[in-house]
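This report goes through part of a protein structure residue by residue. The sequence and the structure are shown first.

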Amino acid sequence: MTHVLNEDAGTTTADGYLVKVPVRWSDMDVYAHINHARMVTLLEEARIPWLFYDGRPTAPLRDGCLVADLHVRYQAQLRHSEGPIEVTMYVERLRAVDFTVGYEVRAAGADPASRPAVVASTQLVAFDVAGQRIARLTPEQKEYLAGFRRVTGESTARSGTPK
């Protein structure tokens, strides 16, 4: 059974994995900006098609993956009218049991080389729920994630296309 939560399943680009996420009216704060708590949810909604849809080597992680760390930095405002937001994700760090996802969030139609409105990162840890302990990423999961590896601070106009 395919778990589809976002109409856009995303696309692999030279910069990572790009998903367009709809912005709901309820995502705004009183100043018509996307609310911080809602931005964190929108980031989660973006990574679901990339990591957890059926057919991805990382799909089994949907049954055991924890957020260990989260950072969100706002560089410009995003408004409801600028949706759907475009979230480019990549892997900043990859280890035996965890990996860090980097995010660049832009308004719909923004130049991919433009400065992102939001830059974020999430450290995700593979977890064995039944055993209540961290788990190792499989070689297939690590290979998939390594195809999206980007060194932090690397230009968005990097060469090479991830697998």
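The notes below cover a threonine, its surroundings and the salt bridges of a predicted model.

## Thr88 and its surroundings

Thr88 lies in strand β4, which spans residues 85–94. The relative accessibility of Thr88 is 9%, so the residue counts as buried, the limit for that class being under 20%.

Apart from residues up to four places away in sequence, Thr88 touches Asp15, Gly16, Tyr17 and Leu18, and also Gly102, Tyr103, Glu104, Arg106 and Arg150.

## Thr13

Thr13 belongs to strand β1, made up of residues 11–13. In sequence Thr13 and Thr88 are 75 residues apart, while their C-alpha atoms are 8.6 Å apart in space.

The side chain of Thr13 also reaches the backbone nitrogen of Asp15, at 3.1 Å. Asp15 is in turn one of the residues that Thr88 touches.

## Salt bridges around Glu104

The model has 9 salt bridges. One of them pairs Glu104 with Arg106, with 3.3 Å between the closest N and O atoms. Both of these residues are buried.

Glu104 also forms a salt bridge with Arg150, where the closest N and O atoms are 2.8 Å apart. This pair links distant parts of the chain: Glu104 sits in strand β5 (residues 98–106), Arg150 in the segment after α2 (139–146), and 46 residues separate them. Arg150 and Glu104 are both buried. Glu104, Arg106 and Arg150 are among the residues touched by Thr88.

## Asp128 and Arg133

A further salt bridge joins Arg133 to Asp128, with the closest N and O atoms at 3.4 Å. Asp128 has a relative accessible area of 26% and is therefore partly exposed.

## Asp27 and a salt-bridge network

Arg24, Asp27, Arg38 and Glu45 are joined into one network by salt bridges that share partners. Within this network, Asp27 is placed in the loop between β2 (16–21) and α1 (36–51). Its relative accessible area is 0%, so Asp27 is buried.

The side chains of Asp27 and Arg38 make a polar contact at 2.7 Å. With neighbours within four places in sequence left aside, Asp27 is in contact with Pro22, His33, Ile34, Asn35, Arg38 and Leu42. Arg38 thus appears both in this contact list and in the network.

Methods. Residues are numbered from 1 along each chain as its sequence is written. This is a predicted model: local features need pLDDT of at least 70, side-chain atom pairs count only at pLDDT 80 or more; totals for chains, interfaces and linings use all residues. Side-chain values use heavy atoms; hydrogens and water are left out. Helices (H or I, at least four residues) and strands (E, at least two) are DSSP runs, numbered from the N terminus. Buried means under 20% relative accessible area, exposed over 50%, partly exposed in between (1.4 Å probe, protein chains only). Contact means heavy atoms within 4.5 Å. A salt bridge is a side-chain nitrogen of Lys or Arg within 4 Å of a carboxyl oxygen of Asp or Glu. A polar contact is a pair of N or O atoms within 3.5 Å; within protein, one must be able to donate a hydrogen and the other to accept it, and residues adjacent in sequence count only if both atoms are side-chain atoms.
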